[in-house]
Amino acid sequence: MPELPEVESLRRSMLDRVVGARIREVHVARPDVVVDELDRPIRDLVVGSLRRHGKLLAIVESGEARTICVHLGMSGRLTIVGNNSPAERHEHVRFSLEAPDGTRIDLAFVDPRRFGGISLHPTWSRAIEQRIAAMGPDALSIDPEALADRLAGRDRPIKSALLDQGLVAGLGNIYVDEVLHLAGVRPSRRCRRVSRATLLEVARLVPVVLEGAIGAGGSTLRDYRDASGRPGSAQTLHRVYGRSGCPCLGCGTTLRSRAIGGRSSCFCPSCQH
Ligand SMILES: [Zn+2]
């Protein structure tokens, strides 16, 4: 499932070709993946910026007007394809764009499992209201003190707290397991039983781990590709995620996995307390 580093890698891979381009046409093959609150069509929208909050990507019109929010869900992808190229299987929406130099490209939204979706908003501030306001601060830019404050005292496993998009937006199973291993904290440990110094260390490691993964183009476990169709290589950096039964890279102890809040969590029984 794409997490913050994958969405950020996707955003960066689209910047050059999408910002400044004008949407000429939109073809919706599956209307149920689109929530539309626009009173005028999306055609002729000139892309002013690509923004991200947590795992949500926003294509924002110049002047912060009409905004297209894209959520990739479990298996969603946005891919730059040739103008009028044939649709691949599970392609639900296609945007045709014209660059300032007249070049035409298409942007395809493909989502086999259909947990993702697209929403259209009349303004950027309306998109914030509708899609972003209920989320916590973005995991890449939140100040470590502020994140430690948000975790402190909670009577729930630290893993579940970090996965809660209302508390901090963008983290998922992969990077939470990685952060907790580096910080030496068991995923099942309740926040209120973790010292302030350790909570701060967890909070400090969040952007470090995310930046590392963004630098590697995100993790490709199954479906993730950037807008040019390139997979990421951050999966080669994982120290615990997907390595249950393998030796801990820190101490050699066999890594274990356990379900916490319904999510499988991998940890080292010796390094993580
Ligand atoms: Zn270990």
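1. A good place to start is the second largest pocket, whose lining divides into 10 nonpolar, no polar and 4 charged residues. Here Ala, Val, Leu, Ile, Met, Phe, Trp, Tyr, Cys and Pro count as nonpolar, Asp, Glu, Lys and Arg as charged, and the others, Gly among them, as polar.

2. Before going on, please note that this is a predicted model, where local features need pLDDT of at least 70, side-chain atom pairs count only at pLDDT 80 or more, and totals for chains, interfaces and linings use all residues. Residues are numbered from 1 along each chain as its sequence is written, and side-chain values use heavy atoms, with hydrogens and water left out.

3. Back to that pocket: 14 residues line the second largest pocket, and V26, V28, D36, I42 and L120 lie nearest its centre. A pocket is an open set of points on a 1 Å grid over the protein atoms alone, where a 1.4 Å probe fits, with protein on both sides within 12 Å along at least five of seven lines; lining residues have an atom within 4 Å of a point.

4. Now look at the zinc ion. Its protein donors are C248 (SG), C251 (SG), C268 (SG) and C271 (SG), at 2.2 to 2.4 Å; donors are N, O and S atoms within 2.8 Å of the metal (3.2 Å for Na, K and Ca). Along the chain, these donors follow the spacing C-x2-C-x16-C-x2-C.

5. How exposed or buried are two of these cysteines? C248 is buried, at 5% relative accessible area, while C271 is partly exposed at 26% (buried means under 20%, exposed over 50%, partly exposed in between, with a 1.4 Å probe and protein chains only).
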